[in-house]
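I opened a new structure today and kept notes as I went. The entries are in the order in which I looked things up.

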Amino acid sequence: MKLLVTNIQRFSLHDGPGIRTTVFLKGCTLHCPWCCNPENIQPRKQYYYQKKKCIAANGSCAYGDCPFAISTDVKTGLSRLTRQQFLQCKSGALGEYGEWYEPAELVKEVMRDAPFWGDDGGVTFSGGEPLMQMDALEPALALLKRCGVNLCAETALYVPTSAVLKAMKYFDKLFVDVKLLDKNRARSVLGGDLELYLENLHTVLESGVSVSLRHPLIKGYTDDIATERAIHELLTHYPSCEYQILSEHHLGDEKRLSVGDVCKGD
Ligand code: SF4
């Protein structure tokens with residue numbers, strides 16, 4: 001099995017202890033309206049279009065026939081774009097998110113950074129939802145573990161419990177999102193099953209694995225008193241659990257535009 005990777009980010013300083021290499025895996029089980037990596041939601045390779053690099057003028061393009069010469073509507077253009085048209089564009093306006101890696105190939109790639117990790121650093125798997133690709137991820141984790149690499153994951157835990165149980169065998173630390181703790185809002189806003197999340201969350205919190213809860217504070221979605229109270233209650237039960245608030249930002253906006261309207265709630 002192969003892993004669908006969008007990006008390997010070197011010298012990451014905010015994705016776990018020390019200096020790390022962060023691997024972004026493509027595909028997510030949720031569709032949070034505030035997603036900062038919207039290019040990682042779809043679990044497949046995906047074209048993108050960046051208008052600022054497009055050289056088309058007056059309805060035509062020097063590189064040949066292309067839907068974006070006629071219209072810059074991203075969703076429509078990407079749905080009509082052929083492989084040949086994609087390949088003929090040399091302006092950099094068109095690109096593709098997602099590259100397949102064999103697990104061993106990915107390990108070889110990230111191990112190039114090992115001299116920079118020092119005593120605390122290592123590799124963090126993020127996404128998307130990294131545990132969604134657990135079957136292909138497990139051989140890579142096993143190889144990295146054998147090399148003594150510190151492993152972290154950034155996960156929302158809206159995945160089958162079997163994937164979480166496998167993950168706990170390898171990860172030294174989990175950064176777990178805590179977004180909404182109301183069943184109906186979790187379903188309508190995120191598209192997730194809150195009961196599954198809570199079952200997985202209690203499983204990891206009781207396992208002894210180091211967990212840091214991350215609460216993205218998003219105006220109108222996750223900043224209400226009921227959510228704060230529910231998180232407070234949760235933390236009262238697990239006082240050793242770290243808790244971080246992540247402030248709202250718009251770093252994903254450009255990528256969101258580049259793939260068309262992929263997030264429900266926009
Ligand atoms: S081929 Fe590239 S530069 Fe030309 S219209 Fe298409 S996206 Fe724009």
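The notes below cover the sheet, two helices and one cysteine.

Entry 1, the model. I noted before anything else that this is a predicted model.

Entry 2, the sheet. I looked up the strand order and found an open sheet of eight strands, running β5-β1-β2-β6-β7-β8-β9-β10 with mixed pairing. Which strands stand at the edges? They are β5 and β10 (242–247), and each has a single partner strand, so one side of each is left without a neighbour in the sheet. I also looked up the twist: neighbouring strands are turned by 30 degrees against each other on average, direction ignored.

Entry 3, one strand pair. I picked β7 (residues 150–155) and β8, which run parallel and are joined by four bridges. For T155 I looked up the bridge partner, and in β8 it is V176.

Entry 4, helix α4. This helix covers residues 103–111, and I found L106, V107 and V110 buried in it. Why do they line one face of the helix? Seen down the axis of α4, the buried residues fall within an arc of 100 degrees, so they share one face. I then checked the face turned away from the buried side, where A104 and K108 are exposed. α4 lies across β1, β2, β5 and β6, at about 10 degrees to β1. Its buried residues pack against those strands, β1 (3–12), β2, β5 (99–101) and β6 (122–126), and also against helix α6 (134–146).

Entry 5, helix α9. I looked up the span of this helix, residues 194–207: its 14 residues reach 20 Å from first C-alpha to last, close to the 20 Å expected at 1.5 Å a residue. Buried in α9 are Y197, N200, L201 and V204. Seen down the axis, they too fall within an arc of 100 degrees, so they line one face of α9. On the other side I found E195 and E206 exposed. The buried residues of α9 pack against helix α7 (161–167) and against the strands β8 (173–177) and β9 (210–217). Just after α9 I noted G208, which takes a positive phi of about 95 degrees.

Entry 6, C35. I located C35 in the loop between β2 (20–25) and β3 (46–49). Is C35 buried or exposed? It is buried, because 22 other C-beta atoms lie within 10 Å and the cut-off for buried is 20 or more. I also looked up G128, which is 93 residues from C35 along the chain, with 9.1 Å between the two C-alpha atoms.

Conventions
Residues numbered from 1 in each chain as written. Predicted model: local features only at pLDDT ≥ 70, side-chain atom pairs only at ≥ 80, totals over all residues. Buried ≥ 20, exposed ≤ 12 C-beta atoms within 10 Å, placed from the backbone. Arc of directions from axis to C-beta. Contact = placed C-beta atoms within 7 Å. Expected span 1.5 Å × (residues − 1). Pairing = 2+ DSSP bridges. Axes fitted to C-alpha atoms, helices over the stretch in contact; angles between N-to-C directions.
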